[in-house]
Amino acid sequence: VSIASAGGNRILGILRVLRLLRTLRPLRVISRAPGLKLVVETLITSMRPIGNIVLICCAFFIVFGILGVQVTHIHTHTHTHT
């Protein structure tokens, strides 16, 4: 029983690899179209600067989120004792 099960897992693994290769099929079109190749290369090279901008935006959201919670906390404590 375990031999049949191991064989089934192996076949599923092979099918997953074939599915992955099928998803890479559109990349052949990129090599045929020079304009599309330029667009893809530009997108890939712009990933690092865009990632830096996203990190800076996340830092600002965190800082201003903490400040907002602190200000709201202080504001509610000063006005609830009246």
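In the predicted model, Phe-60 is partly exposed, its relative accessible area being 49%, whereas Phe-64, with a relative accessibility of 53%, counts as exposed. The two values fall on either side of the 50% limit above which a residue is taken as exposed, so Phe-60 is assigned to the partly exposed class and Phe-64 to the exposed class. Both residues belong to helix α4, which comprises residues 47-79, and because they are four residues apart in that helix, about one helical turn separates them. The count of aromatic pairs in the model comes to one. This pair is formed by the rings of Phe-60 and Phe-64, whose centres are 6.1 Å apart and whose planes meet at 15°, so that the arrangement is classed as stacked; the angle qualifies because planes under 30 degrees apart count as stacked.

The annotation "transmembrane region", taken from an unreviewed UniProt entry, covers residues 50-69. In the model this span is 100% helix and 0% strand, and the C-alpha atoms at its two ends lie 28 Å apart.

With regard to cysteine residues, the number of disulfides comes to zero. Cys-57 takes part in no disulfide, the nearest cysteine sulfur being that of Cys-58, at a distance of 7.1 Å. Seen from Cys-58, the closest cysteine sulfur is that of Cys-57, and the separation of 7.1 Å is too far for a bond, because a disulfide requires sulfur atoms within 2.5 Å. Cys-57 is partly exposed, with a relative accessible area of 38%, and Cys-58, at 40% relative accessibility, likewise counts as partly exposed.

At the level of the whole protein, the secondary structure consists of four helices and zero strands, which follow the pattern α-α-α-α when read along the sequence. Of the 82 residues of the protein, 1% count as buried, a class restricted to residues with under 20% relative accessible area. The accessible surface of the protein amounts to about 7600 Å², and 74% of this surface belongs to carbon and sulfur atoms.

A nonpolar patch of about 930 Å² is present on the surface, made by Ile-11, Leu-12, Ile-14, Leu-15, Val-17, Leu-18, Leu-20, Leu-21, Leu-24 and Leu-27. Helix α1, which spans residues 2-23, gives the most to this patch, with eight residues; Ile-14, one of the residues that make the patch, lies in helix α1.

Conventions
Residues numbered from 1 in each chain as written. Predicted model: local features only at pLDDT ≥ 70, side-chain atom pairs only at ≥ 80, totals over all residues. Heavy atoms only, no water. UniProt positions renumbered as here; feature names shortened; annotations may be inferred. Phe/Tyr/Trp six-rings, centres within 6.5 Å; stacked < 30°, edge-to-face > 60°. Buried < 20%, exposed > 50% of the residue type's maximum accessible area, 1.4 Å probe, protein only. Areas by Shrake-Rupley, 256 points an atom, 1.4 Å probe, with all protein chains shown as cover. Patch = residues over 30% accessible without salt bridge, like charges linked within 9 Å, V, L, I, M, F, W, Y side chains within 5 Å. Salt bridge = Lys/Arg side-chain N within 4 Å of Asp/Glu carboxyl O.
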